[in-house]
Amino acid sequence: MENEAVAPTTRVVAPRTSTGFEYTFPAIRGIQAGREFYVSMCPLRLIPKIFIFDEDELSPELRAQRILNKGRLPALSKYILDNPDDYIFSALTASVDGDMDFESHSPDGTGFRTGQLRIPMDARFLINDGQHRRAAIELALKENPDLGEETIAVVFFQDTGLARSQQMFADLNRHAVRPARSIGVLYDHRDPSSQVVRSMISQSSTFKGYVEMEKSNLSPRSRMMFTLSALYFGTQALLQGLQIEAAKATDLALSYWEAIDKSLPEWAQVRNKELSATEMRRDFIHSHGIALHALGRIGNSLFRESTAPSKWKKQLAPLKTVNWTRANPHWEGRAIVGGRVSKSHQNVTLTVNYLRNHLGLDLSPEEQRVENAYLRGEA
């Protein structure tokens, strides 16, 4: 039961011991699609011991899970370790290729659904949902063994064959929808950048009432000027690497974006009902995510030289003469590709380069490399 995890695939095997030995879990019995299933609370220390990855590499058609992405594990493990008082993991879902014997506490009533679930130790387990959580738990336990007494819910189904297990994986992921980035920023109280952006919006006449807080895309008729996610990435770029406390960061970001507002008359025209948000977004690019991100990077380089407003505001003065209209041919290939605004990293850098040149600022070596490739027609 102390085997090390090796060469992970998605098939997992319970530790082999002599028959007659079994796992006993306190459990609740349920019914779905006419089939019994069981839910138990398992100590985290048991999860790596029960679910051990098979060392055999299997082809996709013989697996019932995706290959473990090891690149995801450090972030998941760090999430547990950094938030020991308020992390949260949803249940693991597993199929058991072996006998499951459920002993109810009583023959009827509530006790009929609660009891002890007994599974032979030589049964085979397959994780249908949660293999990355399981691997992250193992990593976290190595750094903080005290987590071992905490628990996670495990849902056990009877394994009725590979086809059924593959169908379970497909069904469990069929309707999974990643939430929009904006609502993630809105609800994230751990991320300092999220906190700064929310606080800034609540205090700023530039943004308050004109930011879409849930969706990361604006409908053509939306009266909003910005999405929360676009402001988040712009502000995150603005404050990147600056070692300042949260309150000062909020004040600095607020001061910067309000200075930008004074250089972009269309923003004020929307607030004054002289121009609709739809018309502004249609004809100008300065409220789109790529422009906010680029402006954030410009501000970051200015702040690294000095956070004194008298200096960086003076350096921003030429922004008033930038042609932000989509009709500006200089945006094609930089901020616009094939008539559509692009948010790729390369296009953000090319937009930054255009603004730096307009402001008389030097390009970094990486920005110069991207610029040279663009001018050679390689971008």
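**Helix crossings, ring pairs and a few single residues**

Helices H2 and H3 are oblique to each other, and that is where I'd like to start, everyone. A word of caution before we go on: what you see above is a predicted model.

So, how do we get to "oblique"? The axes of H2, residues 73-82, and H3, residues 131-143, cross at roughly 55 degrees. An angle of 35 degrees or more but under 65 is neither roughly parallel nor roughly perpendicular, and therefore falls in the oblique class. The two axes come within 8 Å, and the crossing of H2 and H3 is right-handed.

Which residues make this contact? From H2 we have Leu73, Leu76, Ser77, Ile80 and Leu81, and they meet His132, Ala135, Ala136, Ile137, Leu139, Ala140 and Glu143 of H3. Sorted by character, the residues of this contact are nine nonpolar, two polar and one charged.

Let me pick one residue out of that list. Ala136 sits in helix H3, and with a relative accessibility of 0% it counts as buried. Leaving out residues up to four places away in sequence, Ala136 touches Leu73, Leu76, Ser77 and Ile80. To place Ala136 in the wider model, take Glu366, which is 230 residues away in sequence. From C-alpha to C-alpha, Ala136 and Glu366 are 35 Å apart.

Now on to another pair of helices. Where H2 and H3 are oblique, H7 is roughly perpendicular to H8. Helix H7 covers residues 228-239, helix H8 covers residues 246-263, and they pack at an angle of about 110 degrees with their axes 11 Å apart. That angle makes H7 and H8 roughly perpendicular, because the perpendicular class runs from 65 to 115 degrees. The crossing of H7 and H8 is right-handed.

H7 brings Gly234, Thr235, Leu238 and Leu239 to the contact, and H8 brings Ala249, Leu252, Ala253, Tyr256 and Trp257. Here the count is seven nonpolar residues, two polar ones and no charged ones.

That leads us nicely to the rings. How many aromatic pairs does the structure hold? There are 19 of them. One is formed by Phe207 and Trp267, with 6.4 Å from centre to centre and 55 degrees between the planes, and it is tilted. Phe207 is in the loop between helix H6 and strand E10, while Trp267 is in helix H9, and the pair links distant parts of the chain, 60 residues apart. Are these two rings buried or exposed? Phe207 is buried, with a relative accessible area of 0%, and Trp267 is buried as well, also at 0%.

Compare that with Tyr256 and Trp257, which we just met in the H7 and H8 contact. Their ring centres are 5.3 Å apart and their planes stand at 75 degrees, so this pair is edge-to-face. Tyr256 and Trp257 are buried too. And one more group to look at: Tyr23, Phe25, Phe51, Phe125 and Phe156 form one aromatic cluster.

Back to the loop that holds Phe207 for a moment. Ser204 also has its place between H6 and E10. At a relative accessible area of 1%, Ser204 is buried. Setting aside neighbours within four places in sequence, Ser204 is in contact with Leu254 and Glu258.

Next, a quick look at the backbone. Which way does phi go at Ala33? Phi of Ala33 is near 50 degrees, a positive value in a residue other than glycine. Ala33 lies in the loop between strands E2 and E3, and it is exposed, with a relative accessible area of 71%. Lys273 has a positive phi as well, near 65 degrees. Lys273 is found in the loop between H9 and helix H10, and at 67% relative accessible area it is exposed.

Let me finish in strand E2, where Arg29 lies. Arg29 counts as buried at 10% relative accessibility, since the limit is under 20%. Beyond the residues up to four places away in sequence, Arg29 touches Glu36, Phe37, Tyr38, Phe102, Ser104, Phe112 and Arg113. As for distance across the model, the C-alpha atoms of Arg29 and Ala268 are separated by 61 Å, with their positions 239 residues apart along the chain.

Thanks for listening, and I'm happy to take questions.

Technical notes. Residues are numbered from 1 along each chain as its sequence is written. This is a predicted model: local features need pLDDT of at least 70, side-chain atom pairs count only at pLDDT 80 or more; totals for chains, interfaces and linings use all residues. Side-chain values use heavy atoms; hydrogens and water are left out. Axes are lines fitted to C-alpha atoms, for helices over the stretch in contact, and angles run from 0 to 180 degrees between N-to-C directions. Helices (H or I, at least four residues) and strands (E, at least two) are DSSP runs, numbered from the N terminus. Angles under 35 degrees count as roughly parallel, over 145 as roughly antiparallel, 65 to 115 as roughly perpendicular and the rest as oblique. A crossing is left-handed if the near helix is turned anticlockwise from the far one by less than a right angle, and right-handed if clockwise. Contact means heavy atoms within 4.5 Å. Ala, Val, Leu, Ile, Met, Phe, Trp, Tyr, Cys and Pro count as nonpolar, Asp, Glu, Lys and Arg as charged, and the others, Gly among them, as polar. Rings of Phe, Tyr and Trp (its six-membered ring) pair if their centres lie within 6.5 Å; planes under 30 degrees apart count as stacked, over 60 as edge-to-face and the rest as tilted. Buried means under 20% relative accessible area, exposed over 50%, partly exposed in between (1.4 Å probe, protein chains only).
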